[in-house]
Amino acid sequence: MNPPIDSTVVQSVIDQFNIPDFGNATIREVVAISGQIEKLTGQEFIHMEMGVPGLPAPKVAVEAEIEALKNGVASIYPVIDGLPELKEEASRFIKAFIDIDVLPQGCVPVVGSMQGTFTSFLVCGQCDEKKDTILFIDPGFPVQKMQIGVLGYKSVSFDVYHYRGKKLKNKLEEYLQKGNIAAIIYSNPNNPAWFCLNDEELQIIGGLSMKYDVVVLEDLAYFAMDFRRDLGTPFQPPFQVSVAKYTDYYILLISGSKAFSYAGQRIGVVAISDKLYQRTYPALQARYGIGTFGSVFIHRALYAISSGTSHSAQYALAAVMKAANEGRFHFLDDVKEYARRAKRMKEIFLENNFEIVYDKDLDEKVGDGFYFTIRYPGMAGGELMRELIFYGISAISLATTGSEQEGLRACTSFIKDHQYDLLAERLKIFKENHPLA
Ligand SMILES: Cc1ncc(COP(=O)(O)O)c(C=O)c1O
């Protein structure tokens, strides 16, 4: 049976883009290709490539921001350390949902987690001349590698697929023993695979961070969105698991974009552990004239990069965190929508011979959430990605995320209600056209 989208058009658009290795096509390229084909054929695509949140922003945040603007904050520079109310609420939020104590001093607003990781890489890489490399526990968010490139730093990475559980220890030590690692980064839940490193694994990472004196950057862009457990009741277990329980030297990156559907305002909070905040590094002292990590992070690096974070957005995040801390706003209720979508989408893929690539957290099935990963038996990731375009389905190859597995990342954020049937219809034809050996 012919694929649903006109093959001549698809082929000619793909040819125009002249991408030698399709598996390495970027998200932007995939968006451009699928958009162009939609325009030429008038047929809609099921877009799974982009991780754009898109749920309505919470009322409590929007109202607080409008109120702040009406009160005139737009004309005044925000304090570089952050709005005191936000620092207080962020510290309480971390206590309420992770059960960890971080002083408000170390809770600092940033222009999205992106700025948080950029600044963290920057400062961590300057603390000790011998430690000039960032270690990525992959798969991961490709833009962070781009940040390393922009900084001119070095990075190393490995795909954690075969190193879950106790095996993680030896693998990490292979890198840490060399003495050149400044920081370790991973996201939890993971972008792109939605697995979650568990308490035992975080304990390993934390323990090694202390042993080798390495900072851990824990990217909580999808804060508490492991929907297998209800992590949304403040000050009550179960809590979001965190390396903060196991090391003194960590930075938590909490984004406003996904858990609070506030991506457009570009706001997040970094939480620098009390010990790291206060720690003095001679190399920082020599470079900046001040040596404490926290002070360099805020008063040198953030000051130089953006001189603070949008004033009104800080009011929004403070209000949303306050409401969550007080149990008035159940932030996970709204974003559970991603899990409902993932569940339906995965069912359709599985019915049509696809498999989930990162399917387990050791012996537990991965949850449903913002992303999931798929493969088709016998097909390489790039090949599958290219082939699915002929079926009006776009996704990105895992190869661009540092994964060594053959497959694709699918994002649930763009699927529309009427598209589940369309997905089923198109995948049925795909299955017929690609019988398994
Ligand atoms: C793992 C991860 N970290 C960070 C970010 C960026 O977050 P923000 O919008 O707060 O800059 C994303 C966004 O997709 C992400 O997936």
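Two strands count as paired if DSSP finds at least two bridges between them. With that in hand, open the predicted model and start with one such pair.

**Stop 1: a strand pair.** Select residues 250-255, strand β7, together with residues 268-272, strand β8. The two run antiparallel and are joined by five bridges. Within the pair, pick Leu252, whose bridge partner in β8 is Ala271.

**Stop 2: the whole sheet.** Extend the selection to the open sheet of seven strands, ordered β2-β8-β7-β6-β5-β3-β4, with mixed pairing. Colour residues 107-110 (β2) and 154-159 (β4): these are the edge strands, and each has a single partner, so one side of each lacks a neighbour in the sheet. Looking across the sheet, expect a twist that averages 20° from one strand to the next.

**Stop 3: the ligand shell.** Select the ligand and the 13 residues that surround it; Gly112, Ser113, Ala221, Ser255 and Ser257 are the closest. Next highlight helix α5, residues 112-124, which supplies three residues, the largest share of the shell. Colouring the shell by class gives eight polar, four nonpolar and one charged residues.

**Stop 4: the full chain.** Zoom out to the chain, which has 15 helices and 15 strands. Its radius of gyration is 22 Å, close to the 22 Å given by the globule rule for 437 residues, so the chain is as compact as a globular protein of that length. Along the principal axes, the C-alpha atoms fill a box of roughly 70 × 55 × 40 Å. Colour by burial, and 50% of the 437 residues count as buried. In a contact map restricted to separations of 6 or more, 77% of the contacts join residues 24 or more positions apart.

Technical notes: Residues numbered from 1 in each chain as written. Predicted model: local features only at pLDDT ≥ 70, side-chain atom pairs only at ≥ 80, totals over all residues. Helix = DSSP H or I, 4+ residues; strand = E, 2+ residues; numbered from the N terminus. Axes fitted to C-alpha atoms, helices over the stretch in contact; angles between N-to-C directions. Near = placed C-beta within 6 Å. Nonpolar A, V, L, I, M, F, W, Y, C, P; charged D, E, K, R; others polar. Rg over C-alpha atoms; globule rule 2.2 N^0.38 Å. Buried ≥ 20, exposed ≤ 12 C-beta atoms within 10 Å, placed from the backbone. Contact = placed C-beta atoms within 7 Å.
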